[in-house]
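Hi everyone, thanks for making room for me today. I'd like to walk you through one structure, so have a look at it before I start.

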Amino acid sequence: MPQEMSLAQVEAAARAAHAGQTDKAGRPYAEHLSAVAGGVRARGGGDELVAAAWLHDALEDGALSEEWLDAAALTQQTKVVVRAMTKRPDEEPEAYARRLLATPGARLVKAADLAHNSDPHRLAALDEHTARRLTQKYAAMRKHLGLAPDD
């Protein structure tokens, strides 16, 4: 079995996969990934969850394939959390939340994701309508996951 990818290798793979992508405010997408990884670490997440944080949007955004994830030298927990974090087409938020809650570690990664997505500085860079819509969306997901506003 190949040696497990280091966090530096996971970060490099995520940055390469999302190269050229920007967030809704036009910032490099890797800034979001870095913030979520840092948020996972700050919430007590270990290396497996930090790796999942770096990769949490890779499948959903089409930056990496299921085949890449299958073949990657990552732990099973990291792979399971990445898959849990990947929203499916036309999936209802409640179903998505149930999957996150049923997957050990996924709620913690999603909490870090929501915290960064809800950062007032990030939201301030968006038009008012988009910022309001996303604020409501993130608050609803927090409620589904039983997270407090500051989680």
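**A walk around the model**

Let's start with serine 6, which counts as partly exposed because its relative accessibility is 33%. Keep in mind as we go that this is a predicted model. Where does serine 6 sit along the chain? You'll find serine 6 in the segment before α1, the helix that covers 7–17. Now pick out aspartate 47: it comes 41 residues away from serine 6 along the chain, yet the two C-alpha atoms are separated by 8.9 Å.

Okay, on to the pocket. The largest pocket holds about 600 Å³ of space. If you wonder how anyone finds such a thing, rolling a probe the size of a water molecule over the atoms shows where empty space is left.

Which residues lie nearest the centre of the largest pocket? Those are Lys24, Lys87, Asn117, Lys137 and Tyr138, out of 30 residues that line the pocket. Two or more lining residues come from each of these elements: α2 (29–42), α6 (93–102), α7 (106–117), α8 (120–124) and α9 (128–145). Helix α9 gives the largest share of the lining, with six residues. And if you sort the lining by class, you get 13 charged, twelve nonpolar and five polar residues.

Stay with Lys87 for a second, as we just met that residue by the pocket centre. Lysine 87 also lies over the face of tyrosine 96, at 5.7 Å from the ring centre. What about rings pairing with rings, how many aromatic pairs are there? Zero, and that's after searching the whole structure.

Next, two contacts between side chains. Look at helix α7 and find lysine 110 there. Is lysine 110 buried or exposed? Lysine 110 is buried, because its relative accessibility is 6% and the cut-off for buried is under 20%. Its side chain joins that of aspartate 113 through a polar contact of 3.1 Å.

The other contact belongs to serine 118, in the loop between α7 and α8. Serine 118 has a relative accessible area of 17%, so this residue counts as buried too. Which side chain does the side chain of serine 118 touch? That would be arginine 142, with a polar contact of 2.9 Å.

Now for a backbone detail. Most residues other than glycine have a negative phi, and most peptide bonds are trans. Aspartate 90, though, has a positive phi, near 65°. You can spot aspartate 90 in the loop between α5 (76–85) and α6. Aspartate 90 counts as exposed, because its relative accessibility is 77%.

Let me compare that with another loop residue. Leucine 59 sits in the loop between α3 (47–55) and α4 (66–71). With 14% relative accessibility, leucine 59 counts as buried. How far apart are the C-alpha atoms of leucine 59 and aspartate 90? They are separated by 15 Å, with their places 31 residues apart along the chain.

One last stop, glutamate 94, over in helix α6. Glutamate 94 has 37% relative accessibility, so we call this residue partly exposed. Its C-alpha atom is separated by 19 Å from that of aspartate 57, and the two are 37 residues apart along the chain.

That's my tour, thanks for listening!

Technical notes. Residues are numbered from 1 along each chain as its sequence is written. This is a predicted model: local features need pLDDT of at least 70, side-chain atom pairs count only at pLDDT 80 or more; totals for chains, interfaces and linings use all residues. Side-chain values use heavy atoms; hydrogens and water are left out. On a 1 Å grid over the protein atoms alone, a cavity is a set of points where a 1.4 Å probe fits but cannot get out, and a pocket is an open set with protein on both sides within 12 Å along at least five of seven lines; lining residues have an atom within 4 Å of a point. Grid points are joined across faces, edges and corners, and a volume is the space filled by probe spheres set on the points. Helices (H or I, at least four residues) and strands (E, at least two) are DSSP runs, numbered from the N terminus. Ala, Val, Leu, Ile, Met, Phe, Trp, Tyr, Cys and Pro count as nonpolar, Asp, Glu, Lys and Arg as charged, and the others, Gly among them, as polar. Rings of Phe, Tyr and Trp (its six-membered ring) pair if their centres lie within 6.5 Å; planes under 30 degrees apart count as stacked, over 60 as edge-to-face and the rest as tilted. A charge sits over a ring if NZ of Lys or CZ of Arg is within 6 Å of the ring centre and within 35 degrees of the ring normal. Buried means under 20% relative accessible area, exposed over 50%, partly exposed in between (1.4 Å probe, protein chains only). A polar contact is a pair of N or O atoms within 3.5 Å; within protein, one must be able to donate a hydrogen and the other to accept it, and residues adjacent in sequence count only if both atoms are side-chain atoms.
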